[in-house]
Amino acid sequence: MPIDPRAPYDPNNIFAKILRGEIPCKKVYEDNFALAFHDINPQAPVHLLVIPKGAYVSWDDFSEKAPAEEIAGFIRAVGQVAREAGLVDPGYRMLANVGGHGHQEVPHLHVHLFGGRQFYAMVPQ
Ligand code: 5GP
C-alpha cells in the first residue's frame, strides 16, 4: 500500500528497525550518513537499497528538510555503494519512489540501485 510522502515520520517503519538493528539485513555499506543492504525481494541480479540514517519519510521530506551535510553525505554514499558493487562500468539504474503515484511502500527514504543486466528504455506503463 503506497504511503503518504508528507506524513509524519513513523519510527516503527521497517527500515527504522533495520537501522536500529532490530531486524537483520544483508549489509553492504555503512557510514555516518547512510546504510546500504540487499533488497529482500530483488528485481535484478543486483538490487541494493541505500537509506539515510536520518529520519526522513521520502525524497520530498529529505530534499526539503535535511541539512546540506546530510544531503551531501547521503548522495556520496549512494555513489560509493554503486562503485563498490562494481556497477559503474556496466552501468546501473537508480530510483526513488515517492508517494502514491510513485508506489513508495516503505516510509523511510530509500534509493534503489539496480544492476547486473541490461535495462530497457524508460517508458510510461
Ligand atoms: P518501495 O516500493 O517503497 O520503493 O520499495 C521498498 C522496497 O523495500 C521493496 O523493493 C521491498 O522488497 C524492500 N523491502 C521491504 N521490506 C524489506 C525488509 O524487511 N528487508 C529488506 N532488505 N528489504 C525490504
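**Exercise 1. The largest pocket**

Task: In this predicted model, find the volume of the largest pocket, and say which residues and elements line the pocket.

Solution.
- Step 1. Start with the volume. The largest pocket of the predicted model holds about 1200 Å³.
- Step 2. Turn to the lining. The lining of the largest pocket has 36 residues, and Q43, H47, N97, H112 and F114 are the closest to the centre.
- Step 3. Look for the elements. Two or more lining residues come from each of α1 (14-19), β2 (34-38), β3 (46-52), β4 (93-95) and β5 (111-115).
- Step 4. Sort the lining by class. There are 20 nonpolar, eleven polar and five charged residues.

**Exercise 2. A residue of helix α1**

Task: Place I14, state its exposure class, and give its C-alpha distance to H108.

Solution.
- Step 1. Find the element. I14 belongs to helix α1.
- Step 2. Read the accessibility. I14 has a relative accessibility of 41%. Partly exposed covers values between 20% and 50%, so I14 counts as partly exposed.
- Step 3. Take the sequence separation. I14 and H108 are 94 residues apart along the sequence.
- Step 4. Now take the distance in space. The C-alpha atoms of I14 and H108 are 8.3 Å apart.

**Exercise 3. A salt-bridge network**

Task: How many salt bridges does the whole structure have, and which residues are joined into one network?

Solution.
- Step 1. Count first. A search of the whole structure gives four salt bridges.
- Step 2. Recall the principle. Side chains of opposite charge can pair when their charged atoms come close.
- Step 3. Take one pair. E30 and K27 form a salt bridge, with N and O 2.7 Å apart.
- Step 4. Take another pair with E30. K53 also forms a salt bridge with E30, again at 2.7 Å from N to O.
- Step 5. Locate the partners. K53 sits in the loop between β3 and α2, while E30 sits in strand β1 (residues 27-30), so their pair ties together parts 23 residues apart in sequence.
- Step 6. Join the pairs. Shared partners link K27, E30 and K53 into one network.
- Step 7. Check exposure. K27 has a relative accessible area of 48% and is partly exposed. E30, at 41%, is partly exposed. K53, at 33%, is partly exposed too.

**Exercise 4. The partner of R20**

Task: Which residue forms a salt bridge with R20, and what is the exposure class of R20?

Solution.
- Step 1. Name the partner. R20 makes a salt bridge with E22.
- Step 2. Give the distance. The closest N and O atoms of R20 and E22 are 2.7 Å apart.
- Step 3. Assign the class. R20 has a relative accessible area of 42%, so R20 is partly exposed.

**Exercise 5. A nonpolar patch**

Task: Which residues make the nonpolar surface patch of about 250 Å², and where is W59?

Solution.
- Step 1. List the members. W59, I75 and V98 make the patch.
- Step 2. Place W59. W59 is in helix α2 (residues 59-65).
- Step 3. Check the exposure of W59. Its relative accessibility is 35%, so W59 counts as partly exposed. Patch residues need over 30%, and W59 is at 35%.

**Exercise 6. Buried or not?**

Task: Is G79 buried or exposed, and how far is G79 from F62 in space?

Solution.
- Step 1. Find the element. G79 is in helix α3 (residues 68-84).
- Step 2. Apply the cut-off. Buried means under 20%. G79 has 17% relative accessibility, so G79 counts as buried.
- Step 3. Take the distance to F62. The two residues are 17 residues apart in sequence and 17 Å apart in space, C-alpha to C-alpha.

**Exercise 7. A positive phi**

Task: What is phi of H103, and where is this residue found?

Solution.
- Step 1. Recall the usual sign. Most residues other than glycine have a negative phi.
- Step 2. Read the angle. Phi of H103 is near 60°, a positive value in a residue other than glycine.
- Step 3. Place the residue. H103 is in the loop between α4 (99-102) and β5.
- Step 4. Add the exposure. At 45% relative accessibility, H103 is partly exposed.

Note on methods
Residues are numbered from 1 along each chain as its sequence is written. This is a predicted model: local features need pLDDT of at least 70, side-chain atom pairs count only at pLDDT 80 or more; totals for chains, interfaces and linings use all residues. Side-chain values use heavy atoms; hydrogens and water are left out. Patches are made of residues with over 30% relative accessible area and no salt bridge: like charges are joined within 9 Å, nonpolar side chains (Val, Leu, Ile, Met, Phe, Trp, Tyr) within 5 Å. Accessible areas come from the Shrake-Rupley method with a 1.4 Å probe; for residues, only the protein chains shown count as cover. A salt bridge is a side-chain nitrogen of Lys or Arg within 4 Å of a carboxyl oxygen of Asp or Glu. Helices (H or I, at least four residues) and strands (E, at least two) are DSSP runs, numbered from the N terminus. Buried means under 20% relative accessible area, exposed over 50%, partly exposed in between (1.4 Å probe, protein chains only). On a 1 Å grid over the protein atoms alone, a cavity is a set of points where a 1.4 Å probe fits but cannot get out, and a pocket is an open set with protein on both sides within 12 Å along at least five of seven lines; lining residues have an atom within 4 Å of a point. Grid points are joined across faces, edges and corners, and a volume is the space filled by probe spheres set on the points. Ala, Val, Leu, Ile, Met, Phe, Trp, Tyr, Cys and Pro count as nonpolar, Asp, Glu, Lys and Arg as charged, and the others, Gly among them, as polar.
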